Structure formats: structure tokens, C-alpha cells
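Trainee: Could you take me through one part of this protein at close range? I would like to start with the aromatic side chains and then see how the helices around them are arranged.

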Amino acid sequence: MPRPAPIEYADASPEVRAVFDDIKASRNVQDVNNFWKYLANDPKTLRRTWASIKEIMADGALSPLVKELIYVAVSVTNDCEYCIASHSAAAAKAGMTPEMFAELAAVIGMANETNRLVAAYRVPVDEQFR
């Protein structure tokens with residue numbers, strides 16, 4: 001199946017334009033990024049995903065920086081080049097330093113290694129961790 005084309009603002013339906021307008025206003029940007037343009041092929045998914053991201057990534061018990069760092073870590077583990085790039089940029093904008101990224105990368109690597117070792121050895125959870 002061929003990849004669908006991105007939906008540009010000028011070609012968007014009123015429903016898609018409303019979501020695009022909210023993204024642009026919320027993020028203070030002139031245009032939405034490619035992720036949103038491709039999701040616009042399914043307006044329901046676009047609307048639902050934007051509403052969820054807007055809610056989940058907002059400041060709360062975890063700061064926006066911490067949330068972006070977590071997003072980068074999961075994206076690295078899932079090998080999502082697009083997500084790594086976009087959320088690394090967002091993390092940098094939220095205050096991530098090169099030193100923080102280096103430590104994050106080390107934690108990602110270590111967590112993946114030890115997770116695989118635990119899975120391979122089928123290590124049971126210790127009672128004190130239950």
C-alpha cells in the first residue's frame with residue numbers, strides 16, 4: 001500500500017484545520033509538523049491524538065522536560081527516528097543539556113541491556129519489590 005500524502009493546511013477540511021489551528025496556537029508555531037499532516041488523513045485519529053498529547057504532555061506532577069526525556073527514551077527503545085528527533089528537539093527547548101542527553105542515553109542503554117538479561121534468565125521478582 002502506498003504511503004498517504006500529507007495534508008497541507010490549504011487542502012485540509014474544516015475539522016482538520018481546527019485541530020491544526022489549535023496545535024499552532026498551543027505551540028506558537030507557524031505550521032504543524034509532518035506527524036500531524038500525515039495523521040490528518042484520518043481526522044478522528046488526528047483529533048484524538050492531539051487531545052491526548054496536549055493533556056499528557058502538559059505540566060503536572062512531572063515537568064514538561066521530564067516528560068520529553070521519557071518520550072525520547074521510549075522512542076529510542078522503539079527505534080522511532082521521527083520521534084527521537086522531534087522529542088529531542090522539544091526536550092532541548094525545555095532545558096535538556098548535552099550532558100543530560102548523554103546520561104539519558106546511558107540509562108536507556110543500561111535499562112535495555114538489563115531488561116533483556118532479566119528476560120533471558122527469567123528472573124523472578126524479589127519479595128521486597130512486590
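Mentor: Happy to. Please keep in mind as we go that this is a predicted model. Let us begin with the rings.

The count comes to two aromatic pairs. In one of them, Phe-35 and Trp-36 meet edge-to-face, with 4.8 Å from centre to centre and 75 degrees between the planes. Phe-35 is partly exposed, at a relative accessible area of 31%. Trp-36, in contrast, counts as buried because its relative accessibility is 2%, and the cut-off for buried is under 20%. Trp-36 also pairs with Trp-50, again edge-to-face, with centres 5.5 Å apart and 90 degrees between the planes. This pair links distant parts of the chain: Trp-36 belongs to helix α2 (residues 34–39) and Trp-50 to helix α3 (residues 43–56), with their positions 14 residues apart in the sequence. Trp-50 has a relative accessibility of 6%, so Trp-50 counts as buried too. Put together, Phe-35, Trp-36 and Trp-50 make up one aromatic cluster.

Now follow Trp-50 to its other surroundings. Trp-50 is one of the α3 residues at the contact between α1 and α3. On the α3 side, the full set is Pro-43, Leu-46, Arg-47, Trp-50, Ile-53 and Lys-54. Facing them from α1 are Glu-15, Val-16, Val-19, Phe-20, Asp-22, Ile-23, Ser-26 and Arg-27.

How do the two helices lie against each other? Two packed helices are described by the angle between their axes and the distance between the axes. Here, α1 (residues 14–27) and α3 pack at about 20 degrees, and their axes are 9 Å apart. That angle makes α1 roughly parallel to α3, because angles under 35 degrees fall in that class. The crossing of α1 with α3 is left-handed.

Elsewhere, there is another ring to look at, this time with a charge as its partner. The charged end of Lys-24 sits over the ring of Tyr-9, at 4.1 Å from the ring centre.

Moving along the chain, Asn-28 lies in the loop between α1 and α2. Its phi is near 55 degrees, a positive value in a residue other than glycine. Most residues other than glycine have a negative phi. Asn-28 counts as exposed, with a relative accessibility of 71%. Asp-79 also has a phi near 55 degrees, and it too is a residue other than glycine. Asp-79 is in the loop between α4 (64–77) and α5, and Asp-79 is exposed, with a relative accessible area of 66%.

Let us finish in helix α5, where Ser-88 is found. Ser-88 counts as buried, at 16% relative accessibility. Apart from neighbours within four places in sequence, Ser-88 is in contact with Val-72, Cys-83, Met-96 and Phe-101. The C-alpha atoms of Ser-88 and Ser-75 are 9.8 Å apart, for two residues that are 13 places from each other along the chain. Ala-89 is in α5 as well, a helix that covers residues 81–93. Ala-89 counts as partly exposed, at 46% relative accessibility. Ala-89 and Val-72 are 17 residues apart in sequence, and their C-alpha atoms are 9.7 Å apart in space.

Conventions: Residues are numbered from 1 along each chain as its sequence is written. This is a predicted model: local features need pLDDT of at least 70, side-chain atom pairs count only at pLDDT 80 or more; totals for chains, interfaces and linings use all residues. Side-chain values use heavy atoms; hydrogens and water are left out. Rings of Phe, Tyr and Trp (its six-membered ring) pair if their centres lie within 6.5 Å; planes under 30 degrees apart count as stacked, over 60 as edge-to-face and the rest as tilted. Buried means under 20% relative accessible area, exposed over 50%, partly exposed in between (1.4 Å probe, protein chains only). Helices (H or I, at least four residues) and strands (E, at least two) are DSSP runs, numbered from the N terminus. A charge sits over a ring if NZ of Lys or CZ of Arg is within 6 Å of the ring centre and within 35 degrees of the ring normal. Axes are lines fitted to C-alpha atoms, for helices over the stretch in contact, and angles run from 0 to 180 degrees between N-to-C directions. Angles under 35 degrees count as roughly parallel, over 145 as roughly antiparallel, 65 to 115 as roughly perpendicular and the rest as oblique. A crossing is left-handed if the near helix is turned anticlockwise from the far one by less than a right angle, and right-handed if clockwise. Contact means heavy atoms within 4.5 Å.
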